[in-house]
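Please read the following briefing alongside the sequence and the model; it deals with nonpolar cores and with the packing of helices.

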Amino acid sequence: MFSPCWSRLSCVALSSRGRLRTLSLFSSSGSSNWSKVVSDAEKIVGYPTSFMSLRCLLSDELSNVAMHLRKLVGTQHPLLNTARGFVYDSKNNLQMRGLVVLLLSKAAGPSHAASDLLAQDMVSGIYPSQRNLAEITELIHTAFLVHRGIVNLKEWTDSDGPLKDMQFGNKMAVLSGDFLLANACTGLAQLNNTKVVELISSAIGDLVQGVYYENSHNTEENGLTDGIDVAAWEEQTFLSHGALLAKSCQAAMELAKHDKESQRLAYKYGKHLSLGHKLNSDLQPFMKSRVGEPLSFSLSAAPVVFHRQIMGRETWHHQLQQAKTLRNQLDYSKLLAAVKSEKGVSTAMDLCCYHGNKALEAIQAFPSSEARSALENIASAVTKF
């Protein structure tokens with residue numbers, strides 16, 4: 001059996017230059033309203049986050065990794081920050097993909113076609129195979145987060161920490177991510193469902209492709225050239241942030257032998273929820289910039305992409321040059337002011353609301369229940385700024 005404990009790792013990492021970058025889909029909703037939505041949803045599916053934390057903290061695997069991570073204390077390696085977030089999660093952001101899969105499973109209920117699936121095997125209205133799928137989804141997501149935290153040693157500086165420690169951290173990130181992915185694949189095979197294996201395998205392929213595109217475009221150099229347009233942004237975002245949740249939701253319906261229409265609606269909910277929340281996350285620096293807080297955002301963030309397309313290439317390049325400091329570094333406060341002065345932010349907000357409404361539309365076809373209400377609350381929460 002595979003261990004789910006690693007799925008509680010944080011989704012925050014540091015770049016090789018020490019700048020904070022957010023990697024999680026569910027990373028920006030820190031309001032008390034969001035915490036209440038998550039807490040209520042966990043009660044419905046019988047999947048309390050606190051229990052998972054306790055189980056993980058007592059596991060042998062985590063104890064062994066923690067011993068090795070002590071060598072990274074004092075460095076800026078992202079794997080250390082990921083481990084810290086595992087112990088302390090103040091925003092109720094972890095395991096959200098698994099939670100959505102469980103809520104959809106409960107909302108859909110048993111299928112009339114599932115004659116070989118025993119209703120008495122269900123716990124809180126969810127089949128054991130669907131719970132296993134939720135944990136597999138989290139393992140895959142966390143494996144990619146750990147892998148994405150690998151430091152580019154070509155950009156290493158003394159302030160990041162000793163070079164040998166950074167090299168050791170990279171080895172730990174590679175091996176830990178591979179271990180998680182291997183465990184997820186083992187658990188996936190144990191579900192004994194060929195279509196589910198195909199769905200989740202294709203989602204892993206989408207993740208790889210999406211992260212590759214993201215890394216190739218998410219640089220300052222690309223911001224100075226053409227960057228990406230809105231259509232490319234949506235495609236890239238779906239691959240790197242939406243495909244895993246969308247296909248996991250569809251797979252949950254397949255495990256309960258629901259018809260193709262139910263699977264399509266579950267896929268639609270996961271897709272639009274993912275895109276809506278990514279837009280919400282991208283919008284946060286433009287909505288709630290606090291005084292004294294270090295300001296930074298990606299040049300591939302949705303408001304920037306929309307702003308660049310609205311303004312045109314020449315105007316955008318001129319604004320970038322004006323935002324340069326004497327050391328040829330970007331002054332993000334100036335760039336933020338330029339983006340906020342036009343319609344890039346409002347366009348991203350409108351698109352976020354569109355995807356939130358599409359997710360709400362998809363879930364309406366499921367029977368009225370506590371689980372469906374929780375899914376509606378989550379979809380509504382992603383449109384709150």
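**Nonpolar cores and helix packing**

The largest nonpolar core, a set of buried Ala, Val, Leu, Ile, Met, Phe, Trp, Tyr and Cys residues joined through side-chain atoms within 4.5 Å, has 55 residues, and those with the most contacts inside it are Val100, Leu103, Leu104, Leu133, Ile140 and Tyr269. Buried here means under 20% relative accessible area with a 1.4 Å probe, protein chains only. The model is predicted, so local features need pLDDT of at least 70 and side-chain atom pairs count only at pLDDT 80 or more, while totals for chains, interfaces and linings use all residues. Residues are numbered from 1 along each chain as its sequence is written, and side-chain values use heavy atoms, with hydrogens and water left out.

**Cores**
- Helix 5 (residues 96-108) supplies the largest share of this core, nine residues; helices are DSSP runs (H or I, at least four residues), numbered from the N terminus.
- Leaving aside neighbours within four places in sequence, Val100 is in contact (heavy atoms within 4.5 Å) with Leu245, Cys249, Tyr269, Leu273, Leu375 and Ile378.
- A second, separate core of 25 residues includes Ile228, Ala323, Ala348 and Cys352.

**Helix 12 and helix 15**
- The axes of helix 12 (residues 302-311) and helix 15 (residues 344-363), as lines fitted to C-alpha atoms over the stretch in contact, with angles from 0 to 180 degrees between N-to-C directions, come within 8 Å and cross at roughly 120°.
- Ala302, Pro303, Phe306, His307 and Ile310 of helix 12 meet Gly344, Val345, Thr347, Ala348 and Leu351 of helix 15.

Methods
Helices (H or I, at least four residues) and strands (E, at least two) are DSSP runs, numbered from the N terminus. Buried means under 20% relative accessible area, exposed over 50%, partly exposed in between (1.4 Å probe, protein chains only).
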